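Work through the exercises below with the sequence and the structure side by side, trying each task before reading its solution.

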Amino acid sequence: MTQKNPLIQTLQELETEALDAIRAALDGEALEVLRVSYLGRKGRVSGILRGLGDLSADERPPVGAEANRVKEVLQEALEARETEVSASREEIGAPAEDLTLPARHRWSGGVHPVNQVIDEIWTIFQSMGFVRARGPEADTEWYNFLALNTPLDHPAVDEQDTFYLKDFVLLRSHTSPVQVRTMEKHEPPIRILAPGMVYRRDSYDATHTPAFAQIEGLVVDEGITFVDFKATLAEFARRFWGPGTKVRFRPSFFPFTEPSAEVDVKRMITMKDGTRVESDWIEIMGAGMVDPNVLENVGYDPEHYTGFAFGMGPARIALLKYGVPDLRMFFQNDVRFLSQFTSQSLSQLTDRDAP
Ligand code: DAH
């Protein structure tokens, strides 16, 4: 009987030792270390295979065959154990991280551009001592029209441009009812800012939407004059659009203010080549001194108190501020458009993140 080649003995010992180690390995990393030390280029099984050339012609085949067998057994054992450890890791809830994957950008939302403008406007008025107020979006004719000195035969009451829910109750067509509700509840001094949604049967086009945000403002106290009115709104416009902004009060009419004005601004705009030019006059709000009838309707003495009010549309202001050509873009929820207004732009996102 030919004596068994000592290398075969060695290979079998290696096999037993390696199989024990593989069974004891707890994670992919440990398995990789084992793979390298037995089957890697400088590994122990590979070393024997490489040495085959030094053996005699009749030693070579049995040792080679045995080395290849052990190599296959170990490869299979490593694979099987790998599957086991990753499965058990999932079982205990730990993520089977693949540390070689590039990091993924986090998809975080942002504040809608119209709400950003509302926040900016709010910050300016807040610094001037205004407090926030709110009212219901479905309101009665009393608050939406009558208390605001608007008779029910006024064109604004027409069912054609108002959403009535039932008799006397409608979706508010402006935020002005918050003026009335606030004055009913509180005595002067009043200094409120009331952003909120309003509803009209408007068309849906580049400059109109049937549901839109408004920001109402109201100041009532002893001795409030037209000077306070003009100065407050001019100060707001300059803080919002910059110190070079011109402000114009154009005579107008609203049932709940007397006198009434439309406030226009002329902004300084920077062109692409850096030159600064004046914009056209653009209307930013309706406003005026609170009509004494409104004060009377809420039980204030108009001989004692005076005030001013204003109402503006933040979406239109956002349109101007960002140079957006069509109001509808604000409401289509297109992330490619909206993400331009967040600190994280879409170009930073991977395909996987973009919905
Ligand atoms: N409520 C008016 C509208 O929706 C806007 C407005 C005008 C509000 C004048 C006011 C104001 O408070 O004084 O068209």
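**Exercise 1.** Of the 15 residues around the ligand, which come nearest?

*Solution.* Bear in mind at the outset that this is a predicted model. Begin with the residues around the ligand, where H174, S176, R200, Q214 and E216 come nearest. Next, look at individual atom pairs: a polar side-chain atom of Q214 is placed 2.9 Å from an oxygen atom of the ligand, while for E216 a polar side-chain atom lies 2.7 Å from an oxygen atom of the ligand. Finally, turn to the backbone, since a polar backbone atom of A309 is 3.2 Å from an oxygen atom of the ligand.

**Exercise 2.** Decide whether T209 is buried or exposed, and describe its surroundings.

*Solution.* First locate the residue, which sits in the loop between β5 (190–199) and β6. Its relative accessibility is 5%, and because buried means under 20%, T209 counts as buried. Then list its contacts, leaving aside neighbours within four places in sequence: these are D202, S203, Y204, L327 and F331. As a last step, note that a polar atom of the T209 side chain lies 3.0 Å from the backbone oxygen of A211.

**Exercise 3.** Which residues of helix α10 are buried, and what covers them?

*Solution.* Start with the helix itself, residues 314–322, in which P314, A315, I317, A318 and L319 are buried. The elements covering these buried residues include α5 (113–127), β6 (211–221), α8 (226–241), β9 (276–290) and β10 (306–312). Take α5 from that list and examine it in turn: with 15 residues, α5 reaches 21 Å from its first C-alpha to its last, close to the 21 Å expected at 1.5 Å a residue. Its buried residues are P113, V114, V117, I118, I121, W122, I124 and F125. To finish, check what comes after each helix: G129, just after α5, takes a positive phi of about 95°, and G323, which follows α10, has a positive phi near 65°.

**Exercise 4.** Into which domains is the protein chain divided, and where does pLDDT stay under 50?

*Solution.* The chain is divided into domain 1 (6–91) and domain 2 (113–352), whose centres, taken over C-alpha atoms, are separated by 77 Å. Turning to confidence, the average pLDDT of the chain is 90, and 93% of the residues score at least 70. Over residues 344–355, however, pLDDT stays under 50, although the model has 22 contacts beyond four places in sequence for them. Where pLDDT is low, predicted coordinates should not be read in detail.

Technical notes:
Residues are numbered from 1 along each chain as its sequence is written. This is a predicted model: local features need pLDDT of at least 70, side-chain atom pairs count only at pLDDT 80 or more; totals for chains, interfaces and linings use all residues. Side-chain values use heavy atoms; hydrogens and water are left out. Domain bounds come from an automatic or database domain assignment. Buried means under 20% relative accessible area, exposed over 50%, partly exposed in between (1.4 Å probe, protein chains only). Helices (H or I, at least four residues) and strands (E, at least two) are DSSP runs, numbered from the N terminus. Contact means heavy atoms within 4.5 Å. pLDDT is the predictor's confidence in each residue, from 0 to 100. The expected span of a helix is 1.5 Å times one less than its number of residues. A residue is near a molecule or strand if one of its heavy atoms lies within 4 Å of it. A polar contact is a pair of N or O atoms within 3.5 Å; within protein, one must be able to donate a hydrogen and the other to accept it, and residues adjacent in sequence count only if both atoms are side-chain atoms.
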